[in-house]
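Good morning, and thank you for coming. Please take a moment to look at the sequence and the model before I begin.

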Amino acid sequence: MENKYRETLSALNLVSIGFEAFNLLVQIKGMYPHLRVGYIYYAALDCLSDWHGNPIVDNFTFIPLMTDAVPIYNGISYRVCSIDVNTIHAHLEVFADHTVLFGTMHDPILIKLLDFYAFSQKRLILRRPLKLEKSSAKPYIDKYLRFSKTWDHVTVLDSHKVVRYLNRLDSLLTLPEVGEEIEQLWLKLILEELDLPVLPDLANPRLPERSCLFVNL
């Protein structure tokens, strides 16, 4: 790993894992342009633009942690073919203590990272997916949540709780409304972890975010 790349990684404030998290990262960077951000995905997203129309490559650091992957389901998802353990450890060692990493737990790259103890030592804000999102990832997610130690620096937004509490407020909820609430809660948790001012126009969930966290009893 080159020194310049190492320095860039160690200076990052926020790192997204997977495409869903990347979309949220673009929003955050648009509202808080001073943040140094990076994204972990199987391919660079240089063809995309940020909120202000600037090329992603200008202000977002691509982190090629697992690039041996192939798109599946007409590009809706992807499958990681193989991983380089040394590359993963090298990157995890470089991330600074202040760096926050976030992603959905059914993302193929994040699923692989759950097996690394060094990953769980980082400041993480993970989202437990809805039942309809899990598919084949369910055993890996349940194992991590049920049998892994819960550290203070690992926060898991429980989408199951969000749906349960929203149904108590409104029994006629639509799936887009649930998705919007989950995004708002996730966003607020990230901003609080970064000690950033939470702008009401950006993150204003209906539910108290702390009531929607996974708790390993």
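**Salt bridges, a buried lysine and the core**

The structure, which is a predicted model, holds five salt bridges. I shall discuss three of them. As background, side chains of opposite charge can pair when their charged atoms come close.

Let me begin with R127 and E20, which form a salt bridge whose closest N and O atoms are 3.2 Å apart. This pair links distant parts of the chain, since R127 belongs to strand β7 and E20 to helix α2, spanning residues 19-31, with the two positions 107 residues apart in numbering. Are the two partners buried or exposed? R127 has a relative accessible area of 1%, so it counts as buried. E20, at 34%, is partly exposed.

What surrounds R127? Leaving aside residues up to four places away in sequence, R127 touches E20, G103, T104, M105, H106, E133, L157, S159, I182 and W186. Please keep I182 in mind, as I shall return to it.

The second pair is R128 with D158, whose side chains meet in a salt bridge at 3.0 Å, N to O. Here too distant parts of the chain are linked: R128 is in strand β7 and D158 is in strand β8, residues 154-158, and they are 30 residues apart. Both R128 and D158 are buried.

D158 also appears in another role. It caps the N-terminal end of α9, with a side-chain oxygen 3.0 Å from the backbone nitrogen of H160. Helix α9 itself covers residues 159-169, and its buried residues are S159, H160, K161, V162 and L166.

The third pair is E192 and R210, whose side chains meet in a salt bridge at 3.5 Å, N to O. E192 lies in helix α10 and R210 in the segment after α10, so this pair ties together parts that are 18 residues apart in sequence. E192 has a relative accessibility of 27% and therefore counts as partly exposed.

I turn now to a charged residue without such a partner. Where is K122? It sits in the loop between α6, residues 117-120, and β7, residues 123-128. K122 is buried yet has no salt bridge, and the nearest side chain of opposite charge, D97, is 5.3 Å away. The cut-off for a salt bridge is 4 Å between a side-chain nitrogen of Lys or Arg and a carboxyl oxygen of Asp or Glu. What polar atom, then, lies by the side chain of K122? The backbone oxygen of L92 is 2.6 Å from a polar atom of that side chain. Not counting residues up to four places away in sequence, K122 touches L92, F95, L101, H153 and V154.

L92 leads us to helix α4, residues 85-94, in which I88, H91, L92 and V94 are buried. Viewed down the axis of α4, these buried residues fall within an arc of 160 degrees, so they line one face of the helix. On the other side of α4, N86 and E93 are exposed. The elements covering the buried residues of α4 include α1, β3, α5 and α6. D84 caps the N-terminal end of this helix: one of its side-chain oxygens lies 3.1 Å from the backbone nitrogen of N86.

Next, the core. In soluble globular proteins, nonpolar side chains tend to be buried together. In this model the largest nonpolar core has 72 residues, and those with the most contacts inside it are L14, I28, F102, F119, Y144 and I190. Which helix contributes the largest share of this core? Helix α10, residues 175-193, does so with eight residues. I28 touches L14, L35, L187, I190 and L191, again leaving out residues up to four places away in sequence.

As promised, we return to I182, which is found in helix α10. Its relative accessibility is 5%, so it counts as buried. With residues up to four places away in sequence set aside, I182 touches R127, L130, L157, S159 and V162. Its C-alpha atom and that of I40 are separated by 21 Å, and these two residues are 142 residues apart along the chain.

My last point concerns D195, in the segment after α10. Most residues other than glycine have a negative phi. D195, however, has a positive phi of about 60 degrees although it is not a glycine. At 68% relative accessibility, D195 counts as exposed.

Thank you for your attention.

Technical notes. Residues are numbered from 1 along each chain as its sequence is written. This is a predicted model: local features need pLDDT of at least 70, side-chain atom pairs count only at pLDDT 80 or more; totals for chains, interfaces and linings use all residues. Side-chain values use heavy atoms; hydrogens and water are left out. A nonpolar core is a set of buried Ala, Val, Leu, Ile, Met, Phe, Trp, Tyr and Cys residues joined through side-chain atoms within 4.5 Å. Buried means under 20% relative accessible area, exposed over 50%, partly exposed in between (1.4 Å probe, protein chains only). Helices (H or I, at least four residues) and strands (E, at least two) are DSSP runs, numbered from the N terminus. Contact means heavy atoms within 4.5 Å. A polar contact is a pair of N or O atoms within 3.5 Å; within protein, one must be able to donate a hydrogen and the other to accept it, and residues adjacent in sequence count only if both atoms are side-chain atoms. Lys and Arg count as positive and Asp and Glu as negative; His and the chain ends are not counted. The arc is that of the directions from the helix axis to the C-beta atoms.
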